[in-house]
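Got your viewer ready? Here's a short walk through the model, one selection at a time.

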Amino acid sequence: MAGVMVRRVHRLLTLLDIYCQGNCGRISTNLQIPGLSLSFHAHKSVMADPQAPAAHPSLYTAPPAVRGMTELDREAFTQTINVLAIRIPTSVIDKVVKSLKKVALQRPGLKRVVDDPQNQTDSDGKEHRLLLLDPQSVSSPESFSQDEANALKAFSVKPELQRYELKLTYDNLKSDEVLRAVLPEGQDVTSGFSRVGHIAHLNLRDHQLPFRNLIGQVIIDKNPGITCVVNKTNTIDSTYRNFQMEVLAGENNMVAKVRENGVLYEFDFARVYWNPRLSTEHERVVSLLRRGDTVFDIFAGVGPFSVPAARRGCTVFANDLNPESYRWLQHNTKLNKVQAKVTTFNLDGREFIRGPVRERLPELMKGSAGIHVVMNLPALALEFLDAFRGLLGPEPEREPSGEVNLPQVHCYGFSKEDDPQKDVVERAEAALGTSLQGRCTVHMVRNVAPNKEMMCVSFTMPTEVLYSSNNKDFSEPSPKRQKCEEAE
Ligand SMILES: C[S@@+](CC[C@H](N)C(=O)[O-])C[C@H]1O[C@@H](n2cnc3c(N)ncnc32)[C@H](O)[C@@H]1O
């Protein structure tokens, strides 16, 4: 019992020591421990008892005074803390540091080998420096592993620890440490963001909004290359799929340069759709294409399917209704020197299918090269499939054995149903007016939100869809299915 009490007191003294560091030169307090009451005084000291545990994992907590700060005051994060250090002869310091690298202090912008403030030279005349140790790994000489202890012995370094008074600043804290110290205690701190070139894109919660400019500034400070931070201010715009956004910090420059799967794109992030989480899906679909194939990209955006498809040697017809997307799509074909392979259109998807696609399909279907139709507008694309019904009019006369080269369709849809696979296939069938059973594959692209999946249905366009002029006997999509919610 006495041993437990001593350990509790020791632990409390350690915590008080930490509290005291940087906040006060001297504190007095009364400790209340069941069955024990005592008063004590603690001094901030440079060289305290080397055996006493000086540091604690919460050491990197910023000073309490920063809590609630809404305008970033970097100076307010400065504090002095005590860490443990080991004294090492300068002649072997590189080798010892290598052996102790797992337990050495690692903080952004901090030197871990420092001059010894006591500047003592040993009786053998050797000069020494101090290696600062990570308080989360080392609290006493016993904390060293066997290998580390052996290395110390081999280099004749005494496993004795001493305290070192370290100045810790805003620059030495990580962004989540800064934000955790500032935002209300116990509330979710997010320093996560999507990166689009030089832009960090956040989706802040209500309780974070009073701190939004500070959060933006911290993200800029802590992430090299980010010079602009924006917050989404509404759900995705219903037509062009772009967000309304507010600049929280940094330059008001929305023209981003992004490399995706080795291809360079430029676009105005505020006015077009771009989602860095789709890069794997873009790559997956483009990998299905072969040189000489033709691609119809119905909802092309700024070109993340069309441009790599053209680079792969495909002939591309790319369309987008948003005049800004269309402009940047054209820009990106030039940027990547594939403008000769990509014909661009600024039409509604149904008009594009019923115009440029219809004009080209019959000829392409006589050939043997692949024909692909990509439809990435997941909130609505499945319903757009109805534009293919009867697209080519009455079926032409063909040799009985004549194979038809039909388009391969990759159509995206969101689903909130328990069986998203079944749901998207049924919606595709309803729009096409025919069954896809045994004739399609479904790929789960990503989880967009809790209970909301993005799916891709791929199938060969059935001849009965393209050629029948009227197949109304198949059910139309129900109003419930047509309704689409926007929460990307
Ligand atoms: C989800 S984004 C996909 C863009 C691009 N394919 C990608 O993977 O990043 C959908 C695109 O469809 C465009 N769009 C929306 N409604 C459209 C319509 N009725 N016809 C054609 N394009 C449309 C939007 O402007 C947007 O660029």
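By class, how many nonpolar, polar and charged residues does the shell around the ligand have? Select that shell and color it by class: you'll get 12 nonpolar, 8 polar and 3 charged residues. Keep in mind as you click around that this is a predicted model.

**Stop 1: the ligand**

Stay with the ligand for a bit. It is surrounded by 23 residues, and the closest are His-282, Asp-320, Asp-348, Gly-349 and Asn-376. Now color by domain. Domain 3 (175–253) and domain 4 (258–394 + 403–481) each supply at least three residues to the shell.

Next, show the polar atoms. Pick Asp-320 and look at its side chain: one of its polar atoms sits 2.7 Å from a ligand oxygen. Move on to Leu-321, where you want the backbone instead, since a backbone N or O atom there is 3.2 Å from a nitrogen atom of the ligand. Gly-349 also uses its backbone, with a polar atom 2.8 Å from a ligand nitrogen. Switch on a surface and see how much of the ligand is left showing: on its own the ligand has 590 Å² of accessible area, and the protein covers 97% of that.

**Stop 2: His-282**

Go back to His-282, one of the closest residues to the ligand. You'll find His-282 in helix α6, which spans residues 279–286. Is His-282 buried or exposed? It counts as buried because its relative accessibility is 5%, below the 20% cut-off. Add Glu-260 to the selection, and you can draw a 2.7 Å polar contact between the two side chains, His-282 and Glu-260.

**Stop 3: two loops with positive phi**

Time for some backbone angles. Most residues other than glycine have a negative phi. With that in mind, select Lys-337, a non-glycine residue with a positive phi of about 55 degrees. Its home is the loop between α8 (323–335) and β15 (342–345). Lys-337 has a relative accessible area of 71%, so it is classed as exposed.

Then jump to Asn-451, in the loop between β18 (440–449) and β19 (452–460). Asn-451 isn't a glycine either, yet its phi is positive, at about 75 degrees. With a relative accessibility of 59%, Asn-451 counts as exposed.

**Stop 4: a pair of alanines**

Select Ala-104, in the loop between α2 (93–99) and β4 (113–115). Ala-104 is at 1% relative accessibility, so it counts as buried. Put a distance label from its C-alpha to that of Pro-135: the two are 31 residues apart along the chain, and the label should read 8.8 Å.

For the second alanine, pick Ala-154 in helix α3 (residues 146–154). Ala-154 is exposed, given a relative accessible area of 61%. Try the C-alpha label again, this time to Val-96: the separation is 9.5 Å, across 58 residues of chain.

**Last stop: cysteines**

How many disulfides does the structure hold? The count is 0. Two cysteines to look at before you close the session are Cys-314 and Cys-440. Cys-314 counts as buried because its relative accessibility is 0%. Cys-440, at 22%, counts as partly exposed, since that class runs between the 20% and 50% cut-offs.

Technical notes:
Residues numbered from 1 in each chain as written. Predicted model: local features only at pLDDT ≥ 70, side-chain atom pairs only at ≥ 80, totals over all residues. Heavy atoms only, no water. Near = heavy atom within 4 Å. Polar contact = N/O pair within 3.5 Å; in protein donor to acceptor, adjacent residues only side chain to side chain. Areas by Shrake-Rupley, 256 points an atom, 1.4 Å probe, with all protein chains shown as cover. Nonpolar A, V, L, I, M, F, W, Y, C, P; charged D, E, K, R; others polar. Domains from an automatic or database assignment. Disulfide = S-S within 2.5 Å. Buried < 20%, exposed > 50% of the residue type's maximum accessible area, 1.4 Å probe, protein only. Helix = DSSP H or I, 4+ residues; strand = E, 2+ residues; numbered from the N terminus.
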